[in-house]
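Work through the exercises below with the sequence and the model open. Each task is followed by a solution in steps.

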Amino acid sequence: MGTVLPRFLREFLSYMLLHTFPNRLLPLALMLLTSLATGACQDVSDWLVGRGATPLATAAPTPQVQQPVAPHVSAAIKEGRLYLKEALNGASLLYEPWVDYPTVQQVKDTFMATQQVQSQELGVAELPPIDLFVTWESPFNLFAGQNQFQHPSWLAGFAVYGLAEGRALDARVYINAQAKGLVHNTAHELTHIAAPALPQWLGEGVAEYVAVRVDLLIGTDETDARTLQARLKVRQAAEQGRLLMPQELDAFPWDSPPDYTTLDLAYAEGWQMVEYVAAAYGSQVLSQLVAGYAKAPDESLATFETVLSRPAQEVWQAFMQHVLANVSPAEQVGDALCRLTSQEAAEADLTRDWNQFLERSNRQNPVQDTQEFLRFGQRWAQLSVDVADTVAPGDAGPIKETLFASVQTMQRAMELLAQGSAAAANSSLSAANQGRLLAHAQLQRAIRERSAWLTCAAPLPP
Ligand SMILES: [Zn+2]
């Protein structure tokens, strides 16, 4: 008998929880409860395909299209709650009766695909027995709270298990059927059970690594956005010096994170680190890490360093350089759009200053006004240099040109005012204003088209 370690809780936060399923299946639930009370609950297939409890004879029965129902569905009561239960290749799938058929089927497909990816990528051929619960959000949040998660509403799934000889024991996985990313969330939690002994930062990274590959296999359409989003978060953190260092990730308080943004970064960073390690050292290194930690469960970086034959700090430095240097063409366009956004904001500040000046300007003192016109001209000239220096590939190119023309026209208007050419200056001001509005509209459209992944980093506080 090996050592049995305390149970582990592994969570997964949902990036965007969406509540898409209306509360419309309650009558079906009540029907099932009635049949349970009368002892008719051993096989619920009849109920599932929609036949009434007391079929009426008709002269010519109308053929009905019925949803396929697995013959091995049974009812089960766990902790006083009712579920439908199906055996699933070593696991028990337990779902609330009102979870709809496509959702249940998607979880089943995900289970099979996840095993395939875990076998290929992690060298884990077989999962230990698992109770896989699929519930609506309200009971899910209740279970998360009961399992000491401090922010149940941040979660889309979680796993609970003990650890014996490097394998998960009494494993339970809970999935919120109403959260966005059902396939991803399910694959993620099942991977915690497949690789239960990893330190949590590495476990989260490996779970994301597998989940995104299961997404691809099943064909969900969110893989690219999810990947771009995580890469951007990590790169922005690297650029701003906010990347969590190895010891910080290792000691990260997953159960009581300081805030959502840092938790989000910890997931993204763990995942991108695993992507980097698999790409740089070969994918077999993930199997070695899973096997190494299973042999000697340890929440430290020791096994990580042994398997990679390098100090964690050195791996991190290389990872950081890789993150900063490895920017795809789509990401370069996103970076340029963010730079143009901050330049546009600087231009809006300058315009506000200009309008305030106009309100208080001393028209009795033209010399003083002329000096102000020249000062504003210098500020717009500096801004036009900043815009001109921005590398703007792809869609960002025309937006940069529009913004640049507007800023230069403002600079020209200030020169004309200083020369006393009021009519020509007014004409320039009007043209600059039109250019400013056009640049704003173009920029908003380009950012909106990338809203699934592009979020410009807020500047660090001074
Ligand atoms: Zn997780």
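**Exercise 1. Identify the residues through which α3 and α5 touch, then describe how the two helices cross.**

Step 1. On the α3 side the contact uses Thr103, Gln106, Val107, Thr110, Phe111, Thr114, Gln118 and Leu122, and on the α5 side Leu182, Val183, Thr186, Ala187, Leu190, Thr191 and Ala194. Two residues are in contact if their C-beta atoms, placed from the backbone, lie within 7 Å. Helices (H or I, at least four residues) and strands (E, at least two) are DSSP runs, numbered from the N terminus.

Step 2. Sorted by type, the residues of this contact are eight nonpolar, seven polar and no charged. Here Ala, Val, Leu, Ile, Met, Phe, Trp, Tyr, Cys and Pro count as nonpolar, Asp, Glu, Lys and Arg as charged, and the others, Gly among them, as polar.

Step 3. The axes of α3 (residues 101–122) and α5 (residues 182–194) come within 9 Å and cross at roughly 45 degrees. α3 is therefore oblique to α5. Axes are lines fitted to C-alpha atoms, for helices over the stretch in contact, and angles run from 0 to 180 degrees between N-to-C directions. Angles under 35 degrees count as roughly parallel, over 145 as roughly antiparallel, 65 to 115 as roughly perpendicular and the rest as oblique.

Before going on, note the conventions. This is a predicted model, in which local features need pLDDT of at least 70 and side-chain atom pairs count only at pLDDT 80 or more, while totals for chains, interfaces and linings use all residues. Residues are numbered from 1 along each chain as its sequence is written.

**Exercise 2. Is alanine 187 buried or exposed, and which residues distant in sequence does alanine 187 contact?**

Step 1. Alanine 187 sits in helix α5.

Step 2. Alanine 187 counts as buried because it has 29 C-beta neighbours inside 10 Å. The cut-offs are 20 or more other C-beta atoms within 10 Å for buried, 12 or fewer for exposed, and partly exposed in between.

Step 3. Apart from neighbours within four places in sequence, the contacts of alanine 187 are Thr110, Thr114, Val210, Ala211 and Val214. For valine 210, the separation from alanine 187 is 23 residues in sequence and 7.0 Å in space, C-alpha to C-alpha.

**Exercise 3. Compare the partners of strand β7 (residues 167–176).**

Step 1. Seven of the ten residues of β7 are buried, so that the strand is mostly covered.

Step 2. β5 (residues 130–135) runs parallel to β7 and is joined to it by six bridges. Two strands pair if DSSP finds at least two bridges between them. Aspartate 131 stands opposite arginine 172 in β7.

Step 3. β6 (residues 155–164) pairs with β7 in the antiparallel sense, over seven bridges. Phenylalanine 158 has tyrosine 174 as its bridge partner in β7.

Step 4. Two residues lie between β6 and β7 in their hairpin, and glutamate 165 in the turn has a positive phi of about 50 degrees.

**Exercise 4. At what angle do α7 and α9 cross?**

Step 1. The axes of α7 (residues 223–239) and α9 (residues 260–281) come within 9 Å and cross at roughly 100 degrees. α7 is therefore roughly perpendicular to α9.

Step 2. The contact residues divide into six nonpolar, one polar and four charged.
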